[in-house]
Amino acid sequence: MSTFFMGVDLGGTVIKAGIYSPDGQELVVAEHPFPTESPQAGFSERNMETLWQVTCSVIREAIAKSQLSASQIAGVSFSSHGKGLYLLDKHGKPVRNGIVSSDSRAQAIVTQWHQNGTSEQAYPLSLQQLWASHPVALLNWLKQYEPDSYRDGRYVLMVHDYIRYRLTDQLTCEETNISGSQLYNPTTSSYDPKLCELFGIEEANDKLAPVINSAQSTGCVTTHAANECGLKEGTPVFGGFFDVVGAALSSGVSQKDKLSAVAGTWTISTRVFDKIMPADYPYVWGKYCIPGTYFVHEGSPTSASNLAWFTRHFFDQRLQDYKVLNACVAEGATRQNDILFFPWLYGSNYHSNLHGGLLGLSSHHTEGDIAYAIYQGIVFSHLLHQDRIVGIDDCTQAIRFTGGPTNSALWMQMFCDASNLPLEVVDVQQSGCQAAALCAAVGSGYYSGFDTAIASSTPKITAYQPNPIAHQQLRDKFARFKAVADALSC
C-alpha cells in the first residue's frame with residue numbers, strides 16, 4: 001500500500017488541503033474560500049470554530065477526491081499565514097474570534113511605539129519590523145479595549161498552532177511562525193520576556209505555549225478529531241511553517257545563493273542564511289525550517305492583487321483572461337510609454353503616506369499602455385524589497401519565482417530584466433500544500449531532513465536570462481518611479 005502525506009494551507013482568504021506522494025507529486029487539492037469578517041473598520045477576523053469546521057471539510061474532500069484510504073496518509077502538516085492572534089482560554093476554548101494578518105485595528109498603538117522609541121528598543125531582540133497585526137500589538141489592543149478577552153486568554157497561538165491543537169489536543173507553537181511574532185528572540189531561539197515588558201503586556205509571558213520545530217510532532221490525530229475531519233486516528237501531525245518559509249522550501253531554496261520570490265496578493269522576497277547578518281537596515285529575520293539556519297524576508301500587499309482590482313473595476317471583461325491580458329500588455333510594451341503606476345492600493349512599501357495611482361496619462365494612451373504600466377509598476381514595487389534582500393551580500397546567483405504572474409512570460413521577463421539575475425519560474429501550483437506535505441514526510445522519517453526532501457522533489461523550472469539593454473531601461477524608469485514617490489510623500 002502506497003504512502004502519501006497531506007499538506008494543509010491556512011491562507012488569509014482560502015483554506016486548502018492537498019495529498020502528495022513523498023517526492024511532492026500532487027494527487028489532489030481541495031479548497032474552500034473563507035473570507036474574513038470585518039465588524040469594524042480595520043478589523044479582519046474569523047470565527048475559530050468555523051475555521052476548524054472549514055478545515056475539516058477540505059480534509060474530508062481531499063481524501064474523498066483522492067479515493068485513498070485515510071490509513072494511507074502517513075502524516076499531516078501545515079503552511080499558514082503569519083502574524084495575527086488566535087487566543088484560547090484555560091479550557092482550550094476560543095476567547096473570541098481569531099484575528100488575521102490583514103488586521104489593522106492596532107495601527108495607532110504601533111504608531112505610538114514608533115514615535116516613543118519602543119520599536120527601536122525591541123528590534124535587537126525580535127529582529128522584526130513592527131506591524132499592526134503582530135500578536136504583541138493585538139494583545140496590547142485587547143488589554144485596552146477588550147480587557148475581559150485579554151484576562152481570559154491563556155494560550156497565544158498562531159493559526160496553524162490552533163488547528164494542530166484541534167487535531168491533537170496538544171498546545172504548542174511552531175518556530176518559523178512564532179519567530180516572527182515579536183514575542184520570540186531568533187538569536188537565542190527562545191521567547192524573550194523583555195519583549196512583553198517593552199510592549200506593555202507583561203502578563204502574556206504566562207500565555208506562551210512550548211515551541212516546536214517544523215518537522216516535530218507532539219501528538220497524533222485524536223479519536224474526536226478523526227471523527228470530524230476524516231483522518232485516521234493516530235495519524236502523526238507535524239509542526240509546519242510560516243507560508244513564506246513554505247514558498248521558499250517548495251522552490252528548492254535552502255542556501256543564500258538563491259532568492260525566493262513570490263508574487264500574489266503579496267510580493268515577498270526571501271533568502272536563507274546560516275547566520276544572522278549584521279546590517280544598518282532593520283531586516284526581518286526568522287528561524288528557517290532547516291535546523292541552524294535563518295530566513296530573511298520582506299513583503300507587502302503590492303503585487304498582483306493591484307492588477308486584479310484594476311481589471312475588475314476598469315477593464316473590459318475579456319481582460320480577465322490572462323492570455324488576452326498578456327497580449328494587450330505585449331501591444332502596450334511596443335510603445336515604451338512613460339506612464340507610471342503605483343501599486344499601493346492596499347498600502348505602500350515605500351512611504352507610509354502614499355496611495356495607489358497612475359501618473360502620465362494622455363488622450364492617445366490605450367488600455368494596452370495602461371496594462372503595461374500596471375505590470376511595470378508591480379515589478380518596481382517588488383524591486384523595493386528584492387533589492388534590499390539581494391543587497392545583504394553579493395552571493396545571490398538566481399531567483400526562484402512562484403505566484404500568479406508566472407502565467408505571463410512577458411511579465412517574468414520584465415522581473416528578470418529589472419533584477420539583472422537569472423530567473424527560474426517554479427512549476428508548483430500549490431506551494432503551501434506541497435511544502436507542508438514535504439514537512440510531514442520529513443517529520444515522519446521518510447526523509448532524513450529538509451535538504452534531502454528538497455533534493456528528492458526538485459521542481460521543474462522555466463529559465464529566463466536578463467537582457468542588459470532592457471535592464472538599463474527599466475532601472476532608469478525605476479529611478480523615476482522612486483523620485484516621483486519621494487516627491488509625493490512630502
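Two strands are taken to pair if DSSP finds at least two bridges between them, and strands themselves, like helices, are DSSP runs numbered from the N terminus (strands: E, at least two residues; helices: H or I, at least four). The model described here is predicted, so local features need pLDDT of at least 70 and side-chain atom pairs count only at pLDDT 80 or more, while totals for chains, interfaces and linings use all residues. Residues are numbered from 1 along each chain as its sequence is written, and side-chain values use heavy atoms, with hydrogens and water left out.

A good place to begin is strand 18. This strand (residues 284-287) pairs with strand 19 (residues 294-300) in the antiparallel sense over 4 bridges. Within this pairing, W285 has V296 as its bridge partner, and K287 is matched with Y294. The hairpin of the two strands has 6 residues between them, and G292 there takes a positive phi near 85°. Both faces of strand 18 are covered: V284 and G286 on one side, and W285 and K287 on the other, are all buried (under 20% relative accessible area, with a 1.4 Å probe and protein chains only).

The wider setting is an open sheet of 7 strands in the order 18-19-17-16-22-23-24, with mixed pairing. Strand 18 and strand 24 (461-464) are its edge strands, each pairing on one side only.

Two loop residues also deserve a look. D169, in the loop between helix 6 (159-168) and strand 9 (173-174), has a positive phi near 70° although it is not glycine. S189, likewise not glycine, has a positive phi near 55° and lies in the loop between strand 10 (184-185) and strand 11 (190-191).

Notes. Buried < 20%, exposed > 50% of the residue type's maximum accessible area, 1.4 Å probe, protein only.
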